[in-house]
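Biologist: Please take a close look at a single part of this structure and walk me through what surrounds it. I work with numbers, so spell out the cut-offs as you go.

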Amino acid sequence: MGKIGLINELTEGLNVKFLAFAQKESTREAEAFSDCCANTFGILRDIAETGDPEIILRAEKGLLDDELQHYSNFPEMANSLKTAHKEIDGAFRALESLQTPGAHRVLADSLSHKDIQNGLPLDGFRKFERSHQTRLANHLKGNLPLHEKALLRQRRENLQIARNAYIHFQQKVLEQF
């Protein structure tokens, strides 16, 4: 087959692929999935409105559990999700340390200058948030339907809200000591 034949074959293959993709999005199952995503999006928005870092983390942990169970279909994805699970556990511990008088000050005083940003410790919570924001941003770059991208964007927004509230709590706790 000549070079032109290869190009024509590629073009035809891409056209078939696009048509299959378009049909996939209009099936009854795809519409049900889209409705489910819309419902989940509303719930995530409601969670964001609480402004509560613990609730946002619990929701994200549930989403990570779901992704690990249903979507980790290749080793790199599974490893990334397992790492996220370990990191979110550290985020919960850091959040708990804010509620223990003096514990967060001890942590802050024990960190190297590399783990301090704007006078506040880069603890498990802030490290998880930063790492997971990157993970979600990388996932957004994929070829996903719009409703799935909307969910990822809302999750990123929720994490930002949690981070801002957490930083506020950190400042209040550290000012006390």
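Modeller: Glu54 is partly exposed, with a relative accessible area of 28%. On this scale, buried means under 20% relative accessible area, exposed over 50%, and partly exposed in between, using a 1.4 Å probe and protein chains only. A word on the ground rules: this is a predicted model, where local features need pLDDT of at least 70 and side-chain atom pairs count only at pLDDT 80 or more, while totals for chains, interfaces and linings use all residues. Residues are numbered from 1 along each chain as its sequence is written, and side-chain values use heavy atoms, leaving out hydrogens and water.

Glu54 pairs with Arg58 in a salt bridge, with the closest N and O atoms 2.7 Å apart. The term asks for a side-chain nitrogen of Lys or Arg within 4 Å of a carboxyl oxygen of Asp or Glu. Side chains of opposite charge can pair when their charged atoms come close. Because Glu54 and Arg58 sit four residues apart in helix H3, about one helical turn separates them. Arg58 itself counts as exposed, at 51% relative accessibility. Helices here are DSSP runs of H or I with at least four residues, strands are runs of E with at least two, and both are numbered from the N terminus.

H3 also takes part in a salt bridge with another helix: Arg155 and Glu60 meet through their side chains at 2.3 Å, N to O. Glu60 belongs to H3 and Arg155 to helix H7 (residues 146-175), so this pair ties together parts that are 95 residues apart in sequence. Both Arg155 and Glu60 are buried. A network of salt bridges links Glu60, Glu67 and Arg155, and the structure holds six salt bridges.

Now for the packing. H3 (residues 53-70) and helix H4 (residues 75-98) pack at an angle of about 160°, their axes 10 Å apart. Those axes are lines fitted to C-alpha atoms, for helices over the stretch in contact, and angles run from 0 to 180 degrees between N-to-C directions. H3 and H4 are therefore roughly antiparallel; angles over 145 degrees earn that label, under 35 is roughly parallel, 65 to 115 roughly perpendicular, and the rest oblique. The crossing of H3 over H4 is left-handed, meaning that the near helix is turned anticlockwise from the far one by less than a right angle, with clockwise being right-handed. Where they meet, H3 offers residues including Leu57, Lys61 and Leu68, and H4 offers residues including Leu81, Ile88 and Phe92; contact means heavy atoms within 4.5 Å. By class, this contact has eleven nonpolar, one polar and eight charged residues. Ala, Val, Leu, Ile, Met, Phe, Trp, Tyr, Cys and Pro count as nonpolar, Asp, Glu, Lys and Arg as charged, and the others, Gly among them, as polar.

H3 has another partner in helix H6: their axes come within 13 Å and cross at roughly 45°. That makes H3 oblique to H6, again with a left-handed crossing. Pro53, Leu57, Glu60 and Leu64 of H3 make the contact with Phe125, Phe128, His132 and Leu136 of H6. That contact has six nonpolar, one polar and one charged residues.
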